[in-house]
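Student: Hello! Could you walk me through this structure, step by step?

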Amino acid sequence: MDTRSPRGTVDLLPEQARLWDIFVRTATEVFSGYGYEPIQTPIFEHTDLFVRGIGEATDVVSKEMFTVLGPSSVAALKAGEDLDADHRLTLRPEGTASVVRAVVQHNLVPKGGAPLKVHYAGPMFRYERPQKGRQRQFLQIGAELIGANAPTADAEMIIMLVRFYEAIGVPREQMRILVNSMGDDACRPAFRGKLDAYLSDHRDALCPRCQERADTNPLRIFDCKNPGCIAVMEAAPTLADNLCDDCADHYDRVLRMISHAGIDYTEDPSLVRGLDYYTRTVFEVQVDAGLGSQNAIGGGGRYDRLVEIVGGDPTPGLGFSIGFERTLLALEAAGTTPEPADEFVVYVAAAEDATRSVAFSVAQRLRDVDVRTELDHQGRSLKSQFKHADRLGARLTVVVGTDELSRGEIVVRDMDAKSEEVVGLDGIEAYIESIVSAWEIDAYFESWDGASSDEG
Ligand code: HAM
């Protein structure tokens with residue numbers, strides 16, 4: 001049997017899984033400050049949701065979807081029958097369409113009601129060619145704001161995204177924040193006409209894939225990395241130059257607000273994003289260090305037609321998603337990867353086999369008062385329990401020995417100072433807690449000293 005995980009997937013071993021926890025915790029802290037609440041949607045949805053929501057002509061829908069087959073679907077396919085819509089299921093390639101589906105299903109944004117602000121975190125699936133920063137199963141954290149049309153909402157989204165990156169450790173000077181406007185139903189059709197005319201004059205200079213895209217999804221040509229296509233698109237009409245008055249005014253206000261908030265952005269008329277639902281503001285955060293061509297660590301935008309496309313009343317919306325793996329590569333390159341959780345504080349060792357059950361109950365009592373505690377489950381000798389404690393980085397080891405127990409006492413050993421203290425068994429929790437809080441006070445003053453000497 002092949003014991004490797006499938007191509008394009010990775011195991012998050014404890015070290016990386018801890019970092020994912022830190023990402024989710026940091027996102028929850030940052031986003032809740034803006035009024036966002038968590039939401040969980042299924043990992044698979046009806047295929048039609050993505051086809052209609054993301055767009056049939058996008059790469060994500062036309063080439064990258066993982067379709068899920070239940071037993072009855074397999075049987076139907078074997079019998080040469082077509083699957084009905086209920087049986088066509090797909091692993092989610094992104095979270096926005098699912099959130100919007102949940103909004104419609106549960107009427108979460110009733111007419112005249114307050115907007116909905118939600119955030120989510122979890123795996124997404126795209127059948128792409130794996131490379132650095134590009135996997136077939138990857139992790140995203142996302143936020144969606146549904147029911148808000150004012151440009152303040154767009155500005156808040158961009159500011160919140162940058163806040164998250166700063167909070168997790170991406171240096172501000174390494175982030176390239178690109179923005180563009182995709183227009184809306186009032187201005188996009190006329191723009192499409194101009195673009196189509198321009199592309200038909202330059203068709204021969206496009207790569208074969210873009211010649212195809214010129215018919216199916218011409219905006220995507222702005223994203224092509226082929227030098228011939230780049231040269232053609234440099235002179236192409238842009239959306240930003242063809243916005244209607246309302247879209248131009250909206251875009252202008254967003255740019256002014258983010259600028260006032262100190263966000264150093266770049267307007268990029270070629271930023272078109274890979275999903276068809278966008279209208280008006282789109283944005284992306286790119287970082288070069290540590291990433292190859294997959295340098296977008298997150299992005300998003302407004303999707304004012306998506307709720308309607310999915311079957312609800314016309315309701316504006318916008319959001320973003322953050323790619324965990326790419327952001328981690330950026331943090332590694334910047335040397336700012338968040339510190340993993342604290343080391344074990346206490347190890348409880350049994351001096352003899354006869355005291356193992358008391359050692360076990362002492363460990364449970366310490367855990368009950370939230371002290372990080374570990375003990376031996378392999379019948380090791382006392383010497384190798386000490387070694388184990390050292391390897392785990394325990395600062396204290398509680399030694400439970402027969403002689404001390406007969407007097408109602410146990411020994412607490414300071415692993416750094418190599419000193420020992422005999423303590424009453426009954427008061428062990430209070431004793432350990434007092435030591436831990438003294439460490440915390442010391443650590444607080446140390447960090448405070450560090451901060452004031454930095455300033456000085
Ligand atoms: P997206 O740009 O397709 O947007 O994905 C967001 C981020 O997910 C990317 O910037 C990238 O960091 C990461 N990502 C995408 N594909 C892969 C992959 N194959 N491997 C590793 N990381 C990847 C969305 O998904 C939209 N739902 C964002 C949004 C939310 N727009 C409005 N609301």
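**Around the ligand**

Tutor: Gladly! By class, the shell around the ligand holds eight nonpolar, 11 polar and seven charged residues. Here Ala, Val, Leu, Ile, Met, Phe, Trp, Tyr, Cys and Pro count as nonpolar, Asp, Glu, Lys and Arg as charged, and the others, Gly among them, as polar. This is a predicted model, where local features need pLDDT of at least 70, side-chain atom pairs count only at pLDDT 80 or more, and totals for chains, interfaces and linings use all residues. Residues are numbered from 1 along each chain as its sequence is written, and side-chain values use heavy atoms, with hydrogens and water left out.

Student: How many residues surround the ligand?

Tutor: A residue counts as near if one of its heavy atoms lies within 4 Å of the molecule. Glu94, Thr96, Glu128, Gln135 and Tyr278 are the closest of those around the ligand, and the full number is 26.

Student: Which strand gives the most to the shell around the ligand?

Tutor: Strands are DSSP runs (E, at least two residues), numbered from the N terminus. β6 (137-146), β10 (296-302) and β11 (317-323) each supply at least two shell residues. With six residues, the one that gives the most is β10.

Student: How many Å separate a polar side-chain atom of Thr96 from a nitrogen atom of the ligand?

Tutor: A polar contact is a pair of N or O atoms within 3.5 Å. For Tyr277, a polar side-chain atom lies 3.1 Å from a ligand nitrogen. For Thr96, the distance from its polar side-chain atom to a ligand nitrogen is 2.9 Å.

Technical notes
A polar contact is a pair of N or O atoms within 3.5 Å; within protein, one must be able to donate a hydrogen and the other to accept it, and residues adjacent in sequence count only if both atoms are side-chain atoms. Helices (H or I, at least four residues) and strands (E, at least two) are DSSP runs, numbered from the N terminus.
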